[in-house]
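Visitor: Could you take me on a close look at the nonpolar core and the sheet beside it? I would like the cut-offs along the way, please.

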Amino acid sequence: MTAGSQMNANNLHEPAAGFDFSNYLRNQNLLQTDGAAPKLKAKKTGTTIVGTVYAGGVVLGADTRATNDTEVAERNCEKIHYIAPNMYCCGAGTAADTENTTALISRQLELLRMDTARPSRLVTAVTLLKRMLFRYQGHVSAALVLGGCDLQGPHIYQIYPHGSTAKLPYTSMGSGSLAAMAVLESSWQENMTEDMAVQLVQRAIGAGIFNDLGSGSNCDICIIKTDGTVDYRRNAVKPNELAPLRAQVQRSGRLNMRPGLTPIIKSEFKPHPVVAAGGETAMEVE
Amino acid sequence: MSVMTYNGAAIIAMAGKDCVGIAADRRLGVQLTTIATDFPKIFQMQPKLFVGLAGLGTDVQTLKNLLEFRMNLYKLKEERDMSPKVLSHMLGKILYSKRFGPYFVEPIVAGLDESNKPFLSTMDLIGATSEEKDFVVSGTCTGNMFGMCESLYKPNMEAEELFETLAQALLSSVDRDAVSGWGGIVHIITKEGVLTKELKGRQD
């Protein structure tokens with residue numbers, strides 16, 4: 001039986017839902033033979049994420065660096081995930097966990113909206129997330145800043161990997177959270193205008209980008225207003241733009257690879273199979 | 001030795017002008033002993049869709065079979081070819097389903113989509129996917145490969161130049177890594193067909 005699938009009467013080999021632990025024992029044995037480092041490197045998002053409430057809604061911000069240990073795996077990844085038309089969630093921690101957890105809860109909320117015929121509430125999303133994360137005792141390493149507007153107003157929540165939550169007027173998470181919080185604590189005010197809030201978030205993320213090694217590249221902003229509109233500004237600020245610097249660098253002629261440079265043992269060209277054009281013809285019945 | 005460096009691997013994929021290239025080394029080792037110099041790590045799933053699998057050799061082979069199986073099921077149900085984006089997402093989900101007992105593989109998906117535009121994506125061993133427009137690397141010497149690609153890569157290269165660039169990037173990277181190398185294989189996929197070349201590399 002192929003891993004990750006089950007037989008049942010209607011659908012042969014349907015992939016199983018949920019986590020599949022069939023490799024767990026094998027992996028324990030394999031990892032025991034490891035020398036110094038039994039820990040596996042999964043892509044983390046290092047990260048600085050912030051969220052704040054303002055007079056007309058919430059503003060979320062995030063950096064865009066994803067790291068594999070100390071190597072930068074992705075320079076411009078998206079850390080602000082869609083949850084519902086009126087809710088977005090910033091994710092820090094293990095990239096695969098934040099992606100899949102937010103996607104799962106997003107889809108559960110969509111089904112719930114179909115069932116209840118009502119827009120989703122933040123408390124619902126928070127409860128779904130915390131129940132799942134607590135169930136996995138922190139092994140699903142997703143630290144989230146959830147923000148949005150519902151019938152009760154604008155809200156920001158922070159959710160920790162072990163399942164604890166807090167409702168706050170402003171918050172930061174991730175390896176750059178201290179740098180960001182320093183900015184937030186010194187400049188945050190109640191009832192800010194949209195411009196003030198966006199400036200504050202950009203400065204907070206900037207503090208993370210420049211001072212925290214796990215965060216970097218650009219700043220994404222997402223503004224969710226109480227009237228229901230969403231302004232998702234991907235790469236709102238690009239303080240590390242490489243293009244102008246690179247344009248100044250003279251690319252050495254040695255880096256242009258002339259044909260025939262690399263010694264070859266064998267070369268083969270296989271044309272693609274030709275697919276018959278036109279598709280199916282109708283069956284003819286005599 | 002870490003489980004990800006046990007067998008050794010180096011895979012690079014790059015996008016060119018209406019073409020993609022994917023290259024891999026050929027070594028299979030058991031820690032520092034080389035036991036094969038023709039171990040396939042790149043697999044052609046469809047005429048214009050390639051998957052490169054770097055990591056523990058047994059999981060490379062298992063995952064290749066599992067992917068083929070799921071792809072064949074898809075083709076039977078949907079009566080159409082799988083696009084690179086769909087394969088990439090499906091692979092990400094398969095890897096995440098094994099979040100707490102993962103396959104020790106870091107895959108690369110490279111292909112041309114329906115409009116013959118290049119598609120590149122890579123993921124970590126638990127399925128966190130990233131799509132890139134220029135190049136993606138995976139294996140035991142990613143530091144070397146990133147360095148070579150950042151230096152040699154130019155956008156919009158034609159197939160010939162893309163081949164040379166990919167080949168030089170791969171060969172130079174693996175020469176500074178003890179557990180990868182022993183030759184190389186490069187596939188350049190264009191809308192006409194696939195050009196495959198075996199590289200003459202250092203055998204040490």
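Guide: Happy to; here is the core, followed by the strands and helices around it. This is a predicted model, where local features need pLDDT of at least 70, side-chain atom pairs count only at pLDDT 80 or more, and totals for chains, interfaces and linings use all residues. Residues are numbered from 1 along each chain as its sequence is written, chains are lettered from A and ligands numbered from 1 in the order in which they are written, and side-chain values use heavy atoms, leaving out hydrogens and water.

The largest nonpolar core (buried Ala, Val, Leu, Ile, Met, Phe, Trp, Tyr and Cys joined through side-chain atoms within 4.5 Å; buried is under 20% relative accessible area with a 1.4 Å probe, protein chains only) has 32 residues. Ile83(A), Met87(A), Leu146(A) and Phe104(B) have the most contacts inside it. Its largest share, six residues, comes from α3(A); helices are DSSP runs of H or I, at least four residues, and strands are E runs of at least two, numbered from the N terminus.

Beyond four places in sequence, Leu146(A) is in contact (heavy atoms within 4.5 Å) with residues including Ile83(A), Met87(A), Val126(A) and Ile156(A). Cys89(A) is also in contact with Leu146(A), and Leu146(A) in β9(A) is its bridge partner. Seven bridges join the antiparallel β8(A) and β9(A); strands pair if DSSP finds at least two bridges between them.

These strands belong to an open, antiparallel sheet of five, ordered β7-β8-β9-β10-β11 in chain A. β7(A) and β11(A) are at the edges with a single partner strand each, so one side of each has no neighbour in the sheet. α3(A) lies across β8, β9, β10 and β11 of chain A, at about 165° to β9(A); axes are lines fitted to C-alpha atoms, for helices over the stretch in contact, with angles from 0 to 180 degrees between N-to-C directions.

Methods. Buried means under 20% relative accessible area, exposed over 50%, partly exposed in between (1.4 Å probe, protein chains only).
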